[in-house]
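User: I'm new to this one. Can you walk me through it?
Analyst: Sure, here it is.

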Amino acid sequence: MTACSDRGKAMQLYLKGKDAYMKNDLQQAEALFKKAVKEDKSLLNAKLMVAKINYYRKDFEKTLSIAGEIIDKEPNHIGALFWKARTLVIKPGDAAASKKNETEAMLYLQKIIELDSHHLEARNLLALLYEKNKMFKEALYEYHAALAEEESLINSRANLSILYYRLGLKDKAQAEIERAISIAEIAGVNSKNLISIKKEVQQ
């Protein structure tokens with residue numbers, strides 16, 4: 001069998017695994033992801049899905065081990081860096097162990113933001129850790145940066161809504177502006193302009 005056919009089969013297994021994962025059939029999803037990795041060891045995202053499944057099963061040691069294996073192969077794998085950080089934060093332990101884990105998690109989160117400044121989950125988790133460790137200036141910076149990203153996302157959704165409306169795709173226009181308003185409400189952003197757009201696309 002050729003390398004191309006191995007990759008093709010692995011991707012098919014991966015997509016089936018994603019479908020099972022979305023249906024919350026974690027046992028079937030894990031089996032499919034593991035088969036995908038067996039077919040193509042370079043398919044690190046399939047391996048990451050196995051790590052995520054173990055996270056939700058609260059098998060944090062296995063999650064950390066798998067995420068670590070991915071990072072060893074690809075040090076800049078953002079998904080593995082994030083899930084390792086997230087797992088370190090939530091992993092039970094005494095005060096000293098928790099402090100050590102949080103410090104390590106912050107390093108991973110900082111690296112993620114260096115690689116992708118738009119990674120909101122990493123920014124928010126890092127801000128929480130800064131706040132917990134009384135690094136208030138750093139926490140404020142990350143929260144402000146996250147809010148700026150959210151405002152940009154709101155504007156993008158509003159603009160997309162208007163474009164859909166101009167293209168005659170009224171349902172999609174309404175769906176996008178509703179999403180924009182929801183994000184604005186959560187972020188505490190003024191939604192007066194968004195409500196005006198909503199009224200326009202409903203006409």
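User: How much area does the protein chain expose, and what share comes from carbon and sulfur atoms?
Analyst: The chain exposes about 12200 Å². Carbon and sulfur atoms supply 54% of that. Keep in mind that this is a predicted model.

User: OK. How many helices and strands are there?
Analyst: The protein chain has 10 helices and zero strands.

User: And what does the C-alpha trace span?
Analyst: About 55 × 50 × 25 Å along its principal axes.

User: What share of the residues is buried?
Analyst: Of the 203 residues in the chain, 39% are buried.

User: Let's go inside. Which residues touch the most other members of the largest nonpolar core?
Analyst: Y14, F33, A46, F82 and L109 do. That core holds 42 residues. Elements giving it two or more residues are α1, α2, α3, α4, α5, α6 and α7.

User: Which one gives the largest share?
Analyst: Helix α3, with eight residues.

User: Back to L109. What is it in contact with?
Analyst: Leaving aside neighbours within four places in sequence, L109 contacts F82, A85, A122, L125, L126 and L129.

User: Is there anything beyond that core?
Analyst: A second, separate core has 12 residues. Among them are A158, A180, I181 and L194.

User: F82 came up twice. Which residues of α5 are buried?
Analyst: F82 is one of them. The others are A80, L81, W83, K84, A85, T87 and L88. Their cover includes α3, α4, α6 and α7.

User: What span should α5 have, and why?
Analyst: It should span 18 Å, because its 13 residues are reckoned at 1.5 Å a residue. The end C-alpha atoms are 19 Å apart, which agrees.

User: New topic: N54. Buried or exposed?
Analyst: N54 is buried, because its relative accessibility is 2% and the cut-off for buried is under 20%. N54 is found in helix α3.

User: What does N54 touch?
Analyst: E30, D59, K62, T63 and I66, not counting residues up to four places away in sequence.

User: Now the outside. Which residues make the nonpolar surface patch?
Analyst: L160, L163, L167 and L169 make a patch of about 340 Å².

User: Where does L167 lie?
Analyst: In the loop between α8 and α9.

User: Why does L167 count as exposed?
Analyst: Because its relative accessible area is 57%, and exposed means over 50%.

Technical notes:
Residues numbered from 1 in each chain as written. Predicted model: local features only at pLDDT ≥ 70, side-chain atom pairs only at ≥ 80, totals over all residues. Heavy atoms only, no water. Core = buried A, V, L, I, M, F, W, Y, C linked by side-chain atoms within 4.5 Å. Buried < 20%, exposed > 50% of the residue type's maximum accessible area, 1.4 Å probe, protein only. Helix = DSSP H or I, 4+ residues; strand = E, 2+ residues; numbered from the N terminus. Contact = heavy atoms within 4.5 Å. Expected span 1.5 Å × (residues − 1). Patch = residues over 30% accessible without salt bridge, like charges linked within 9 Å, V, L, I, M, F, W, Y side chains within 5 Å. Areas by Shrake-Rupley, 256 points an atom, 1.4 Å probe, with all protein chains shown as cover. Salt bridge = Lys/Arg side-chain N within 4 Å of Asp/Glu carboxyl O.
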